[in-house]
Amino acid sequence: MEYLLNQIVNGISQGAIYALMAIGYSVVVGVTGLITFTHGEVIMIGAFASFYIFQYIGNNLILGIIASFIASWILGMFIYYVCYDRFFEAPSHISLICTIGASMLIRNLAQIYFGPNQKPMLNIIDNKVYRIGVLQVSLMQIVILITVVVLASILAFFINNTRWGIMLRAVSQDKKAAYLMGINVRKTAMIGNCIGCGLAGIAGLLISIYYQTLQATMGGSLGMKAFSSSVLGGLTDTRYSALGGLAIGLIENLGITISTASFRDIFAFGFLITVLIIRPEGFASRKGAKSQ
Amino acid sequence: MKVLLEAKNVSKHFGGLKAVDNVDMVIYEGDIFGIIGPNGAGKTTFFNLCSGVFPVTGGEIYFNGENITNLRPDIIAKKGMARTFQNIKLFNYMSVLENIKIGFHIHSRTRMWDAILHTSVYKRDEKLAEEKGMEIIERVGLKDYKDILAGNLPYGMQRMVEIARALALDPKLLLLDEPAAGMNPNETMALMEFIKKLNHEGYTIAVIEHDMKFVMNTCNRIMVLNFGKKICEGDPEYVRSNKEVNEAYFGKGIVVQGGTM
Amino acid sequence: MNEIILKLKSIYDKYKIIIILAGSILLLLVPVIFPKSYIMGIICRILLYIILAGGLNVINGYSSQFCIGYAGFFCIGAYTEAILALRLKINFWLLLPIAGIVTAIAGLLICLPTLKLKGKYLALVTLGFSEIVRLIALNWSSLTGGPMGLKGIPVPKIFGIEFKNSLSYYYIFLFLVAIFLFVTRRVINSRIGRAWMSIREDEQAARSLGVDTSMYKALNFMYGAFWAGIAGAAYAPYTRYIDSTFFTLDEGFNILSMAIIGGMGTLIGPVAGSIVVNLLTELLRPISEYRLVAYAILIIAMMWLRPQGLFGASKSILAGKEIVKKARKAEKEAAA
Ligand SMILES: Nc1ncnc2c1ncn2[C@@H]1O[C@H](COP(=O)(O)OP(=O)(O)OP(=O)(O)O)[C@@H](O)[C@H]1O
Ligand SMILES: [Mg+2]
């Protein structure tokens with residue numbers, strides 16, 4: 001029972017990181033209208049950016065977050081120009097294949113330059129553990145939860161209250177209408193894509209702190225989890241995607257209570273496939289959606 | 001007369017928008033049934049409901065005495081309802097003949113083994129598609145274009161190819177969504193004649209059209225939709241003289257909707 | 001490019017019988033011409049990947065569903081063969097179709113939940129599936145040997161001939177490639193192939209013509225998976241040892257690169273893709289860590305310049321560039 005409760009705590013804190021990845025993913029998909037395979041690689045680059053900052057400049061979480069954000073923002077620009085910019089009118093499989101190519105490119109270059117092996121992430125948060133009754137909550141988990149909540153709130157404020165945010169929403173909903181209203185759709189799509197990538201980069205930093213390791217190939221399964229979470233949330237809805245992330249975090253951690261940690265990913269994907277069978281539109285049942 | 005297609009209280013809502021609102025309609029065997037109405041009246045949506053593209057929000061649809069509400073489009077097609085699309089949906093990168101060959105899908109039954117071993121079933125199917133396909137192409141007057149990619153033809157011809165492809169299904173009921181759009185006056189005239197000829201040969205046809213002359217001259221019964229509701233139904237004379245129809249198209253003094261009459 | 005292809009085609013049509021005859025004799029003599037096992041090894045790889053890239057092309061190129069985790073099917077085929085051959089001592093020639101069918105069933109299970117969804121969901125589900133398969137192969141030690149893999153897989157025999165090395169195994173691969181191309185060609189040129197292509201070009205229109213799109217997509221996926229299973233079953237006794245590291249996501253991307261670079265939607269495309277990519281692999285051997293980087297750049301370049309691939313179907317929706325051009329032209333005309 002104790003073990004189960006603590007796995008729930010672990011599930012929530014890990015789910016919070018997945019939620020951040022999923023929020024980023026749904027922003028990207030919403031604004032470009034195209035599915036991407038590069039998300040995992042963006043997450044990985046975000047993790048490595050902060051890794052090198054911690055190594056060479058110092059153990060400062062805020063600095064790490066900024067570094068991850070900037071590095072993945074730049075990567076987001078690269079991805080945008082390679083995979084999306086010229087393909088908005090083309091059949092969607094073309095940009096899909098392009099993102100596969102870009103993801104192969106980034107991952108393999110990373111393997112060459114960062115090395116193929118796991119690296120230990122520096123321990124930048126004290127190893128303190130608080131006990132509340134039978135529950136054990138580590139300082140790291142608290143820091144992660146706070147970071148995710150703050151970032152999600154900033155994003156929500158940005159999307160709902162700023163001019164750029166409103167433009168982003170307009171482009172997500174209907175590119176043609178946005179264009180007719182005089183919005184620069186391409187520029188907005190690029191910025192939206194970069195914001196989504198930036199959030200993913202920070203999530204990469206958090207997940208590598210959580211596991212205390214990072215690796216050039218870590219993007220593969222993380223990207224899939226981001227995708228799974230946002231499918232659960234109906235793909236473009238940031239709030240429901242966040243919920244999806246939490247759900248996957250919980251499922252994974254509860255799943256390994258009945259087996260071993262090496263089956264972690266099997267639970268995540270098994271869950272995704274189950275959801276696709278039972279409720280393909282995700283949590284959010286959308287009204288008036290074009291059903292074609 | 002035998003009822004072929006019957007809609008009972010059919011509705012379709014998109015969120016708050018009532019695209020089709022409680023429409024009752026009967027098409028008898030042998031009809032050329034016209035559906036008219038201003039832009040956005042719900043005509044295409046109504047066709048989509050009949051052919052199974054969307055599920056209905058309410059109501060029931062009967063085809064040939066059978067309840068076909070919410071069945072899949074391919075099942076409805078197999079039951080004998082073929083259609084064309086307002087925004088032409090040809091296989092643009094296939095030749096005209098190949099397009100029509102796919103129309104014979106429901107009349108052939110080649111299995112994987114038949115295809116691999118070239119059994120008699122395979123040979124029969126290929127022969128049928130090839131020969132009957134050419135027959136239909138000749139009938140719509142596109143013999144010289146059979147090997148041209150469908151997407152490279154002018155609009156008017158593309159519409160004819162789409163009709164030809166639908167005919168390959170040998171349907172009991174043919175739904176045409178604005179078949180004359182994009183055609184020049186000569187082509188439109190020819191299309192009118194062609195539709196009448198098909199009707200003589202025994203096809204029942206339902207057609208959505210904006211061109212009033214077209215509808216008045218070809219259809220024997222007409223239904224008028226406005227804002228998703230049926231506002232009038234009857235023979236061309238009756239519809240022409242109906243006050244509500246004129247209001248729907250021209251508004252009460254002001255032009256409300258961009259109807260092209 | 002298109003002109004070259006057309007020219008080649010007309011030459012081929014003219015001298016069809018001579019070319020086919022000369023070609024087959026040449027193909028049968030290959031091990032005599034190249035008696036070195038190093039070169040025959042490369043040629044065997046090319047043949048193996050023709051089946052893999054070709055099978056993938058049936059899925060991605062003909063019905064425009066999108067499978068990325070093809071290595072998962074390859075893996076199932078290989079393990080099925082190896083396990084049944086080692087445990088139950090079943091004959092290789094019987095195991096080929098068994099592995100194919102087992103893999104096709106796995107393909108059906110994977111595509112069923114995603115049939116109603118758009119192709120992009122299927123893409124990610126196959127990726128996840130491929131990882132799951134690999135993880136199971138890695139962790140289910142009692143069945144798969146876990147990280148130790150399966151050793152000593154028996155070599156195929158027929159009429160007392162043992163297919164022990166790449167020189168003799170070449171004939172098995174050649175035989176399978178010939179069957180694959182023959183059968184696939186016939187299926188593509190039938191009602192079934194037409195239904196697949198109609199789904200690729202316009203799914204809604206296909207449905208309106210009575211094509212049961214879900215059924216045909218499932219059939220298409222099973223057909224593609226079947227050949228991955230066959231390829232896997234042929235591969236396991238070739239190397240005589242398999243473990244889970246052979247079937248990573250990168251292996252899936254490797255196969256995908258061949259289909260994309262060689263061209264999708266034609267039979268010849270994946271053949272060309274397998275030859276080009278495998279020769280490139282050999283060229284890049286001194287800097288082998290850049291191998292996948294090079295493929296990645298080639299894939300992106302292809303999408304920018306010729307999305308249907310080198311020998312892909314230029315008359316299809318796969319050749320997206322022309323579609324964009326045409327849409328722009330139509331827009332301009334409408335505006336004028
Ligand atoms: N898939 C859909 N999702 C949401 N709204 C839709 C959808 N399809 C149609 N509508 C809306 O339903 C209404 C009716 O559309 P419909 O296309 O049926 O009109 P129509 O009578 O065919 O018009 P037109 O003469 O322009 O073809 C329109 O307001 C349209 O915007
Ligand atoms: Mg319409």
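This passage describes a sheet of chain B and the magnesium site in a predicted model. Local features are restricted to a pLDDT of at least 70 and side-chain atom pairs to pLDDT 80 or more, while totals for chains, interfaces and linings use all residues. Residues are numbered from 1 along each chain as its sequence is written, chains are lettered from A and ligands numbered from 1 in the order in which they are written, and side-chain values use heavy atoms, without hydrogens and water.

In chain B, six strands (DSSP runs of E, at least two residues, numbered from the N terminus) make up an open sheet of mixed pairing, ordered S6-S7-S8-S3-S9-S10, where pairing requires at least two DSSP bridges between two strands. Strands S6 (81-83) and S10 (229-234) of chain B each have a single partner strand and stand at the edges, so one side of each lacks a neighbour in the sheet. From one strand to the next, the twist averages 15°, with angles taken from 0 to 180 degrees between N-to-C directions of axes fitted to C-alpha atoms, for helices over the stretch in contact.

Within this sheet, S7 (residues 173-177) and S8 (residues 204-208) of chain B are joined by five bridges in the parallel sense, and Leu175(B) has Ala206(B) as its bridge partner in S8(B). Helix H6 (residues 155-167) of chain B (helices being DSSP runs of H or I, at least four residues) lies across S6 and S7 of chain B and runs at about 160° to S7(B), contact meaning heavy atoms within 4.5 Å.

The magnesium ion (ligand 2) is coordinated at 1.8 to 2.0 Å by OG1 of Thr44(B) and OE1 of Gln86(B); donors are N, O and S atoms within 2.8 Å of the metal (3.2 Å for Na, K and Ca), and because water is not among the atoms, sites may look incomplete.
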